[in-house]
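Colleague: Got a few minutes to walk me through this one? I'd like to start with the charged pairs.

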Amino acid sequence: MHIAIDARIINSSTGTYVERLLHYLEKIDTTNTYTVLVPTKDLGYWKPTNPKFTLKALDVPNYSFAEQTTFKKVLDDLNPDLVHFCMPQQPLGYKGPHVTTVHDLTLLKTYNSDKNWFMFHAKQLVGRYLFKRIASTNRHIMVPTQYVKDDYIKFSGISPDKVTVTLEGADAAVDGLEPYEHPFKQFIMYVGQQSDYKNIKRLGDAHQKLLKKHPDLGLILVGKKNKAAQMTEAYFTKKGYRNILFTDFVPNAQRDWLFKHCDAYVFASLMEGFGLPGLEAMGYGSPVVSSNATCLPEVYGDAAHYFDPTNVDDMARAIDDVITNPELREELIRKGAEQFKKFSWERMAKQTHEVYMNALKQ
């Protein structure tokens with residue numbers, strides 16, 4: 001059989017899912033042939049080692065008109081037996097067998113102030129139609145958590161039998177970490193985008209409250225210093241906040257060194273589909289202090305110390321608990337190591353491959 005995988009997001013924040021899926025699919029399936037569609041700029045990002053896997057350039061932006069025309073023609077010409085769309089955005093006119101991964105419904109429920117208001121809401125309207133339509137056009141839907149499954153079923157009305165939870169995984173490199181120079185004696189950290197729903201402004205507010213008791217405590221925000229991060233930095237500057245460091249992009253070896261040496265990893269998000277960074281932090285032995293919203297308690301279990309993400313005082317309380325209580329800290333580190341082991345990218349790829357095989361039989 002010939003399977004095409006829409007991997008246009010491979011070099012994005014959600015791209016870890018795609019790259020790990022491809023990495024393990026290569027090992028799992030040596031029978032079927034695969035065409036992996038990526039932007040020209042990302043042709044060297046992931047390189048197949050299995051001769052059954054071939055890369056093909058596809059320069060079609062997400063949620064664009066070309067997605068409904070050019071992309072459809074590419075798929076029609078390829079004529080695969082099955083297509084896996086790794087995100088909901090896809091040519092709705094495509095009639096061939098296909099399956100889709102829905103990571104979350106964040107697009108439909110949030111507004112990111114770093115985006116053009118009109119364009120974002122127009123995209124949101126398209127997204128609402130698209131997310132509902134694919135429930136009927138796809139042979140199967142995959143989601144990363146039970147929370148997203150329940151959320152998507154409620155939104156789309158799809159049968160539960162048509163949705164499979166393929167829990168994601170996390171990696172923790174044991175060698176090759178590189179120190180990241182910073183001015184703090186102790187620090188808490190966050191890794192990732194700074195869109196509004198990530199709740200970074202409240203995290204900064206909570207950190208400033210903690211400085212009264214922990215005057216040397218730093219907050220390190222790891223990630224590209226894009227428009228959203230710049231807006232957050234401007235908010236902190238206007239407030240006169242101190243001891244906050246925006247790293248901009250850092251290599252994985254330095255990011256992971258920060259994971260390993262922070263006093264706590266803090267995930268303040270209001271909404272997630274899986275919450276990968278907190279699981280990665282557990283893999284590096286960092287105690288995790290987390291929002292209790294959406295899927296996060298499902299993924300982190302009792303290995304995180306939780307707070308209400310809308311309550312700055314409660315957030316500060318939870319962080320203070322962890323950085324001042326050695327027994328709690330050690331308990332979280334121990335439970336985090338155990339929780340980390342429950343998740344596996346290889347298992348996710350095997351489950352995905354099973355979805356492929358079942359969809360091909362329909």
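Modeller: Sure, we'll go through salt bridges, a surface patch, helix packing and one strand residue. Keep in mind that this is a predicted model.

Colleague: How many salt bridges does the structure hold?

Modeller: The structure holds 19 salt bridges.

Colleague: Which residue does Asp-171 form a salt bridge with?

Modeller: Asp-171 pairs with Arg-20. Their closest N and O atoms are 3.5 Å apart. The pair links distant parts of the chain, with the two positions 151 residues apart. Asp-171 sits in the loop between β7 (163-165) and β8 (186-191). Arg-20 belongs to helix α1 (residues 15-28).

Colleague: And Arg-20, buried or exposed?

Modeller: Arg-20 is buried, at 13% relative accessible area. That is under the 20% cut-off, so the label is buried. Asp-171 has 37% relative accessibility, so it counts as partly exposed.

Colleague: What about Asp-77, which partner does it have?

Modeller: Lys-73 is the salt-bridge partner of Asp-77. The closest N and O atoms are 2.9 Å apart. Both residues lie in helix α3 (residues 70-78). They are four residues apart, about one turn of the helix. Both Asp-77 and Lys-73 are exposed.

Colleague: Where do Glu-331 and Lys-335 sit?

Modeller: Both are in helix α13 (residues 326-340). They are four residues apart, so about one helical turn separates them. They form a salt bridge, with the closest N and O atoms 3.0 Å apart. Glu-331 is partly exposed at 32% relative accessibility. Lys-335, at 18%, counts as buried. Elsewhere, Asp-6, Arg-8 and Glu-67 are joined into one network by salt bridges that share partners.

Colleague: Changing topic. Which residues make the nonpolar surface patch?

Modeller: Trp-117, Phe-118 and Met-119 make a nonpolar surface patch of about 410 Å².

Colleague: Why does Trp-117 count as exposed?

Modeller: Its relative accessible area is 53%. Exposed means over 50%, so Trp-117 qualifies. Trp-117 is in helix α5 (residues 117-137).

Colleague: Stay with α5. At what angle do α5 and α6 pack?

Modeller: α5 and helix α6 (residues 146-156) pack at about 95°. Their axes are 9 Å apart. That angle makes α5 roughly perpendicular to α6. On the α5 side, the contact is made by Arg-128, Phe-131, Lys-132, Ile-134 and Ala-135. From α6 come Tyr-152, Phe-155 and Ser-156.

Colleague: Back to α13. How far apart are the axes of α12 and α13?

Modeller: The axes of helix α12 (residues 312-324) and α13 are 5 Å apart. The packing angle is about 95°. So α12 is roughly perpendicular to α13.

Colleague: Which residues of α12 and α13 meet?

Modeller: Asp-321, Val-322 and Thr-324 are the α12 residues. They meet Pro-326, Leu-328, Arg-329 and Leu-332 in α13.

Colleague: Last topic, Tyr-190. Where is it found?

Modeller: Tyr-190 is found in strand β8. It counts as buried, at 1% relative accessibility.

Colleague: What does Tyr-190 touch?

Modeller: Leaving out residues up to four places away in sequence, Tyr-190 touches several others. Among them are Lys-198, Ile-200, Leu-203 and Ile-220. Leu-221, Val-222, Tyr-265, Val-266 and Phe-267 also touch Tyr-190.

Colleague: And how far apart in space are Tyr-190 and Cys-262?

Modeller: They are 9.9 Å apart, C-alpha to C-alpha. In sequence, 72 residues separate Tyr-190 and Cys-262.

Note on methods: Residues numbered from 1 in each chain as written. Predicted model: local features only at pLDDT ≥ 70, side-chain atom pairs only at ≥ 80, totals over all residues. Heavy atoms only, no water. Salt bridge = Lys/Arg side-chain N within 4 Å of Asp/Glu carboxyl O. Buried < 20%, exposed > 50% of the residue type's maximum accessible area, 1.4 Å probe, protein only. Patch = residues over 30% accessible without salt bridge, like charges linked within 9 Å, V, L, I, M, F, W, Y side chains within 5 Å. Areas by Shrake-Rupley, 256 points an atom, 1.4 Å probe, with all protein chains shown as cover. Axes fitted to C-alpha atoms, helices over the stretch in contact; angles between N-to-C directions. Parallel < 35°, antiparallel > 145°, perpendicular 65-115°, else oblique. Contact = heavy atoms within 4.5 Å.
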